[in-house]
Amino acid sequence: MEKAAVNEDGLVIPLIDFSKFLEGDETLKLETAKAILHGFQTAGFIYLKNIPIQPDFREHVFNTSAKFFKLPKEKKLEVGWTTPEANRGYSAPGREKVTQLTDPAEIEKIRSAAPDIKESYEIGREDEPGHPNPWPAEQDELVGFKSTMNNFFDQCKALHIEVMRAIAVGMGIDAHYFDSFVDVGDNILRLLHYPAVKSEVFKVNPGQVRAGEHTDYGSITLLFQDSRGGLQVKSPNGQFIDATPIENTVVVNAGDLLARWSNDTIKSTVHRVVEPPKQEDVHPPRYSIAYFCNPNHKSYIEAIPGTYAAESEKKYEGINSGKYLVQRLAATY
Ligand SMILES: O=C(O)CCC(=O)C(=O)O
Ligand SMILES: [Fe+2]
């Protein structure tokens, strides 16, 4: 076994070589699948290395993402996020609120009011009826943006299917059990930019974060981070632990719908993005890419076989995936 990517305060996030699942013999495949499932069952998070998405393409996608965020604000607002049903387009950063605080009650108020220092652009599948992606005009630096992002979208979609196969193998059910639940690609590619920020901002306002604590909603999230750091995952003891970037790995975490689907045998763990651990007066921008994988919107999600012994052990009612996701999104935007 590899050394864990994170091992602190009871939070053990394994680092797993995914090529051993994809290319290994039956024994290695099974062993790797079990390690993947175990990571989701205990931490809710894993790191994967040697995935089929090539490092130079990944770098190209990050560079292309940075070019989008460099557009003037009005250009970005032209492709603004509209509705939870579409869940596509640009979301602007909240305005910073910096105050000198003394009263704890006031601090709490501002803490909850302090907007996240981030902006994002979300892309869905191209062929969803009624929900076209609002692509930015392909001028100058942005020539090729759409094809790069669609290509990346498709590669992530394929990786989602493979990770679900690993989960199925780990669970001892048919390796293709999830295929018909995830083949449509009702997923969302979210480009994220956390602008440069003075470290003072975090000191003056103790509630300030780059992205507030949350769980993800869908099946799994493929999270590609740059080398800046700041991502933290909540340990079983309730402390936030750094999920330090490891080059050319993808962080994969289970979402709420997979937790529900697995009858809570898999964990959807709280995480957030805070000031990077490195001491600096000004923290440089951070870029990350979250690919939110979902079961097909049309899928009916009820406890996976083997996650309960008797009907009475099923913790949740069955639910339509699309309906669940829209409900969750409507509550946060
Ligand atoms: O930027 C990151 O590293 C995390 C983002 C995240 O958790 C999210 O967008 O759901
Ligand atoms: Fe997240």
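**Close-up 1. S120 and L192 face each other across β6 and β7.** In this predicted model, S120 stands opposite L192, a residue of β7. A second facing pair to look for is I123 with L189, the latter again in β7. The two strands, β6 (residues 119–123) and β7, run antiparallel and are joined by five bridges. Strand β7 is mostly covered, with five of its seven residues buried.

**Close-up 2. β7 also pairs with β16.** Here seven bridges link β7 and β16 in the antiparallel sense. L192 turns up again in this view: its bridge partner in β16 is S288. Both L192 and S288 are among the residues that surround ligand 1.

**Close-up 3. An open sheet of eight strands.** Stepping back a little, you can follow the strand order β3-β4-β13-β10-β16-β7-β6-β5, and the pairing in this sheet is mixed. At the edges are β3 (15–17) and β5 (89–91), each of which pairs on one side only. From one strand to the next, the twist averages 25°. A general point to keep in mind while looking along any one strand: in a regular strand, side chains alternate between the two faces of the sheet.

**Close-up 4. The shell around ligand 1.** Which residues surround ligand 1? They are R190, L192, A211, D216, L223, Q225, L231, H271, V273, S288 and A290. By character, this shell divides into six nonpolar, three polar and two charged residues. Four strands each supply at least two residues of the shell: β7 (188–194), β10 (220–225), β14 (271–273) and β16 (286–292).

**Close-up 5. An open sheet of four strands.** The order to trace here is β9-β14-β11-β12, with antiparallel pairing. Why is one side of β9 (211–214) and one side of β12 (240–242) left without a neighbour in the sheet? These two strands stand at the edges and each has a single partner strand, so one side of each has no neighbour there. The twist in this sheet averages 25° from one strand to the next.

**Close-up 6. β11 beside β14.** Zooming in on the four-stranded sheet, you will find β11 (residues 231–234) and β14 paired in the antiparallel sense over three bridges. L231 stands opposite V273 of β14. L231 and V273 are both part of the surroundings of ligand 1, just like the L192 and S288 shown earlier.

**Close-up 7. R210, a buried loop residue.** R210 lies in the loop between α8 (199–204) and β9. Is R210 buried or exposed? It is buried, because 24 other C-beta atoms lie within 10 Å. For orientation, pick out D226 as well: R210 and D226 are 16 residues apart along the chain, and their C-alpha atoms are separated by 14 Å.

**Close-up 8. The two sides of helix α10.** Helix α10 (residues 321–332) has 12 residues and reaches 17 Å from its first C-alpha to its last, close to the 16 Å expected at 1.5 Å a residue. Its buried residues are S321, Y324 and L325. These three cover an arc of only 95° around the axis, which puts them on the same side of α10. Turn to the other side of α10 and you meet the exposed residues K323, Q327, A330 and A331.

Notes. Residues are numbered from 1 along each chain as its sequence is written. Chains are lettered from A and ligands numbered from 1 in the order in which they are written. This is a predicted model: local features need pLDDT of at least 70, side-chain atom pairs count only at pLDDT 80 or more; totals for chains, interfaces and linings use all residues. A residue is near a molecule or strand if its C-beta atom, placed from the backbone, lies within 6 Å of it. Ala, Val, Leu, Ile, Met, Phe, Trp, Tyr, Cys and Pro count as nonpolar, Asp, Glu, Lys and Arg as charged, and the others, Gly among them, as polar. Two strands pair if DSSP finds at least two bridges between them. Axes are lines fitted to C-alpha atoms, for helices over the stretch in contact, and angles run from 0 to 180 degrees between N-to-C directions. A residue is buried if 20 or more other C-beta atoms lie within 10 Å of its own, exposed if 12 or fewer, and partly exposed in between; C-beta atoms are placed from the backbone. The expected span of a helix is 1.5 Å times one less than its number of residues. The arc is that of the directions from the helix axis to the C-beta atoms.
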